[in-house]
Amino acid sequence: MLELTPRQIVAQLDRHIIGQDQAKKAVAIAVRNRWRRRQLDPELAREIAPKNIIMLGPTGVGKTEIARRLAGLVNAPFLKVESSKYTEVGYHGRDVESMIRDLLDLAISKVRREQAEKVKEIAEARTEERLIDLLLGRTPGPGKSKGWVRSEESTVGAPATPVAIATEAAESSEEGPRDASRELMRKKLRAGELDERTLEVSVAEHSAMPMLGGMGPDQMDPGMQEMLSSLMPSKQKLRSVSVREAQRILLEEETEKLLDREKVIEEAIERTEQTGLIFLDEIDKLALPSDGSRSGADVSRQGVQRDLLPIVEGSSVTTRHGVVNTDHILFIAAGAFHNVSVSDLMPELQGRFPIRVELSGLTAADFARILTEPDNAILEQQQALLGVEGLEVAYEDAAIAAMAELAATANAQLQNIGARRLMTIVERVFEEINFEAPELKAKGETSLTVTETLVRERIAPLLEDGDVSKFVL
Ligand SMILES: Nc1ncnc2c1ncn2[C@@H]1O[C@H](COP(=O)(O)OP(=O)(O)OP(=O)(O)O)[C@@H](O)[C@H]1O
Ligand SMILES: [Mg+2]
């Protein structure tokens, strides 16, 4: 994939997020810098530490959305974690490191998918030969194999429903893999004519990892985990499946045989270390209020900050696939920082996030744009849903402006929940229409314009009594 320039990254983010230019720029630069560093002489590259970012801003203004969209853009292992999850009961100590293991797991499946794509043709060809054998009721014996080998992991059983042409052409079938019955079967298989037929395939079943003293495999020492899984027997089980399903299972097996597992892991570790990106959402939940009050929860938060520090600073994390060095992993943190500030985080941790970007609160004008401009914007989604009912929905400009303005008012009067308020407003506006849509069609009404009057009628009364509307808007 071509590496995106900062401008291209921002342009992509612009398709989904309105405003917040500073934050978009910061993440775009950070991502580009990772690529720049990789072009350098390894000796110099080693010295360049990532410049981690904290995004600050009120709730519902696009912090998580930026990360989510960025994830879709970058061709790098990307993990989003809720920082607060590590403060929950049951998590302790080194579990913060599990984020690195999760990141590596993501990288492994990505590399594996890429490699699988490269061997796809060969794997598909081998799968086809095996399927034909199965359909013809031929179990390739060890001595009889012609061009293909009996697989270790899977043996082939007789077809559950014997295929007619198998017997028909049985006499001539010993000539070789390219005899007439094979070719006929191949033709039928390729045409999809056999998709619904049933076959028996033997599949390996690994029993689930046992829980040890309440510890799941995740909390276990990696070495221990490895040892345990090698002790777990993998059972061969004969399963009756459709040809299509058999194809999937066999393709999986053939692909696995063609892949070099060690290379996949090596490459995945390399990518994790050099291009890995972790989004630490809700990092403010780890900050301790500066008023000096300390509770049990604070102790746990401080603990998580302390555990996070070495990972962000750069250290080696042991995983069951090998050691991952975190020196160059990029961290982007985000938080609303409502009642706490960045300075309520441990100084060492603050120091590892030198770039701070503030996301601004959203105005009525922003809301109007959010309703209409992003790809698949909220109002467009509404139109599409009602379009299914045969109802063509249009919006008066003034209606859109009114929804935006009422959202801003609701945020000011009730509670500021940012752009999330738009969802509740739009739902309210469309409540009756959504309910009645099928009957409207029956009555011959095929189009509907959302007017300013309609919007105000639906929403304004809810804003008159602040106490009550808290529960309805
Ligand atoms: N600037 C924006 N442009 C378009 N949509 C937005 C914008 N800000 C927020 N939204 C939408 O509002 C919803 C909430 O946004 P998001 O999850 O990014 O909030 P947040 O800033 O992470 O808030 P919190 O601090 O509560 O986690 C999402 O559905 C998102 O698409
Ligand atoms: Mg968020």
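**Entry 1: pairing around strand S1**

Two strands pair if DSSP finds at least two bridges between them. With that in mind I looked up strand S1 in this predicted model, and I found that S1 (residues 53–56) and strand S8 (residues 330–335) pair in the parallel sense over four bridges. I noted one of the partners: Ile54 in S1 has Ala333 in S8 as its bridge partner.

I then turned to strand S9 (residues 355–358), which is joined to S1 by four bridges and also runs parallel to S1. Here I wrote down that Met55 stands opposite Val357 in S9.

**Entry 2: Arg356**

I stayed with S9 and picked Arg356, which lies in that strand. Is Arg356 buried or exposed? I count Arg356 as partly exposed, because it has 14 C-beta neighbours inside 10 Å, whereas a buried residue needs 20 or more.

Which residues does Arg356 touch, leaving out those up to four places away in sequence? I listed Ile54, Leu56 and Val342. For Leu56 I also looked up the distance: its C-alpha atom and that of Arg356 are separated by 7.3 Å, although the two residues are 300 residues apart along the chain.

**Entry 3: a hairpin**

Next I followed strand S6 (residues 316–319) to strand S7 (residues 322–325), and I found that four bridges join them and that they run antiparallel. S6 and S7 form a hairpin, with two residues between them. Within this hairpin, the bridge partner of Val317 is Val324 in S7.

**Entry 4: two residues with positive phi**

Most residues other than glycine have a negative phi. I therefore took care to note the following two cases, keeping in mind that most residues other than glycine go the other way.

Gln20 is not a glycine, and yet it has a positive phi of about 55 degrees. I located Gln20 in the loop between helix H1 (6–14) and helix H2 (21–39). I count Gln20 as buried, because 24 other C-beta atoms lie within 10 Å.

Glu282 also has a positive phi of about 55 degrees without being a glycine, and I found it in the loop between strand S5 (277–281) and helix H12 (296–313). Glu282 is only partly exposed rather than buried, because 17 other C-beta atoms lie within 10 Å and the cut-off for a buried residue is 20 or more.

**Entry 5: the surroundings of ligand 1**

Which residues come nearest to ligand 1? Of the 18 residues around ligand 1, I found that Thr59, Gly62, Lys63, Thr64 and Glu65 do. Helix H4 (residues 63–73) gives the most to this shell, with three residues.

I sorted the shell around ligand 1 by residue type, which gave seven nonpolar, eight polar and three charged residues. I also looked up the domains, and domain 1 (6–105 + 267–358) and domain 3 (364–463) each supply at least three residues to the shell.

**Entry 6: helices H14 and H10**

In helix H14 (residues 364–372) I looked for the buried residues, and these are Asp366, Phe367, Ala368, Ile370 and Leu371. I then asked what the buried residues of H14 pack against, and I found helix H15 (378–388), helix H16 (397–413) and helix H17 (420–442).

In helix H10 (residues 243–258) I looked up Glu256, which is partly exposed, because 15 other C-beta atoms lie within 10 Å. The C-alpha atoms of Glu256 and Ala123 are separated by 8.9 Å, while the two residues are 133 residues apart along the chain.

**Entry 7: the whole chain and how far to trust it**

Last I looked up totals for the protein chain, which has 19 helices and 11 strands. Of its 473 residues, 30% count as buried. Among the contacts between residues at least 6 apart in sequence, 80% join residues at least 24 apart.

Since the model is predicted, I also recorded the confidence: the mean pLDDT of the protein chain is 84, and 81% of its residues reach 70 or more. Where is confidence lowest, and where is it highest? I found the lowest in helix H7 (residues 164–168), at a mean of 39, and the highest in H1, at 97. Over residues 141–173 pLDDT stays under 50, and for this stretch the model has 60 contacts beyond four places in sequence.

How values were computed. Residues are numbered from 1 along each chain as its sequence is written. Chains are lettered from A and ligands numbered from 1 in the order in which they are written. This is a predicted model: local features need pLDDT of at least 70, side-chain atom pairs count only at pLDDT 80 or more; totals for chains, interfaces and linings use all residues. A residue is near a molecule or strand if its C-beta atom, placed from the backbone, lies within 6 Å of it. Ala, Val, Leu, Ile, Met, Phe, Trp, Tyr, Cys and Pro count as nonpolar, Asp, Glu, Lys and Arg as charged, and the others, Gly among them, as polar. Domain bounds come from an automatic or database domain assignment. A residue is buried if 20 or more other C-beta atoms lie within 10 Å of its own, exposed if 12 or fewer, and partly exposed in between; C-beta atoms are placed from the backbone. pLDDT is the predictor's confidence in each residue, from 0 to 100. Two residues are in contact if their C-beta atoms, placed from the backbone, lie within 7 Å.
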